[in-house]
Amino acid sequence: MGSTSERPSTSVEDYVKVIYDLQERGSGPVTISAMAERLSVSNSSVSGMLRKLGELGLVEHRRYGDVRLTDTGAKAALAVLRRHRLLETYLVAALGYSWDEVHDEAEILEHVVSDRFVDRIADHLGDPVVDPHGDPIPTRDGQVVERDTRLLSEAETGANGVIVRVNDSDPDLLRYLAEQRIGIGMRIKVVERQPFGGSLVVRVGSSGDQRDQALGLVAADALWIAPAID
């Protein structure tokens, strides 16, 4: 797919990307309400678009059931995610954007740049496998590197690991994490969990430079950790 004229419409790309992203993050079945919240549209708008996506062979959706991408839909989603995540990486690496600024820019650019341009970005950056938020970047042929990760919010007391990914949909949350000096590649341990859905106390940093701090569940639910490799 070399030119933008051969692609699905912008709205179709946005929808398949959101469905894939919701599936990928493992937060349960993809529902109309979850899609509506992410896209800031009404449930009826999502239902109407899902009918169109079904006619295009991109999704499977039964009334009152969950939404699933077909193989064709997943391929389309991976193509737009590759553009989005490579653009985010380029904006940070080459143009000095901060990680809370790039999502909205990439949302616009991903629909207008050619795949040739994006491949040039990949070559220039040395074919990175993750973007600035730790999201995996699909390869040219639509492969994604699988990693052993879990949400920090689901980790038990005493669990430790390395922060490898952060949900990028809320710029305010990304700015908050930056202010708290919490980012990709940092070691983190769950020291204490407050009862009844309260905050976590986490220990951040490596030996000799550690600190304990409280972290609300919204932030903990946006951070993914992987086992630490010593």
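**View 1. Strands S6 and S7 pair up as a hairpin.** Strand S6 (residues 200-204) and strand S7 pair in the antiparallel sense over 5 bridges; strands here are DSSP runs of E with at least two residues, helices are runs of H or I with at least four, and both are numbered from the N terminus. Two strands count as paired if DSSP finds at least two bridges between them. This is a predicted model, so to speak of a local feature we ask for pLDDT of at least 70, side-chain atom pairs count only at pLDDT 80 or more, and totals for chains, interfaces and linings use all residues. Residues are numbered from 1 along each chain as its sequence is written, and side-chain values use heavy atoms, with hydrogens and water left out. Look for Val 204, whose bridge partner in S7 is Arg 211, and for Leu 200, whose partner in S7 is Leu 215. The hairpin has 6 residues between its two strands, and Gly 205 in the turn has a positive phi of about 110°.

**View 2. The side chains of S7 alternate.** Which residues of S7 (residues 211-215) point to one face and are buried? They are Arg 211, Gln 213 and Leu 215, while Asp 212 and Ala 214 point to the other face and are not buried. Buried means under 20% relative accessible area, exposed means over 50%, and partly exposed lies in between (1.4 Å probe, protein chains only).

**View 3. S6 sits between S5 and S7 in an open sheet.** The sheet has 6 strands in the order S3-S8-S4-S5-S6-S7, with antiparallel pairing. Strand S3 (150-151) and S7 are at the edges with a single partner strand each, so one side of each has no neighbour in the sheet. On the S5 side, 5 bridges join strand S5 (residues 187-193) to S6, again antiparallel. Two pairs to find are Arg 193 with Leu 200 of S6, and Lys 189 with Arg 203 of S6. S6 is largely enclosed by the rest of the structure, because 4 of its 5 residues are buried.

**View 4. Here is the largest nonpolar core.** A nonpolar core is a set of buried Ala, Val, Leu, Ile, Met, Phe, Trp, Tyr and Cys residues joined through side-chain atoms within 4.5 Å. This one has 23 residues, and Ile 19, Met 35, Leu 50, Leu 53 and Val 59 touch the most other members. At least two residues each come from helix H1 (10-24), helix H2 (32-39), helix H3 (43-55), strand S2 (67-69) and helix H4 (71-95). H1 gives the most, with 7 residues. Apart from this core lies another, of 21 residues, including Ala 155, Val 166, Val 204 and Ala 219.

**View 5. Zoom in on Met 35.** Not counting residues up to four places away in sequence, Met 35 touches Tyr 15, Ile 19, Leu 22, Val 30, Val 46, Leu 50 and Val 67. Contact means heavy atoms within 4.5 Å.

**View 6. Glu 13 is tucked into helix H1.** Glu 13 has its place in H1. Is Glu 13 buried or exposed? Glu 13 counts as buried, because its relative accessibility is 4%. Leaving aside neighbours within four places in sequence, Glu 13 is in contact with Arg 7, Pro 8, Val 80, Arg 83 and His 111.
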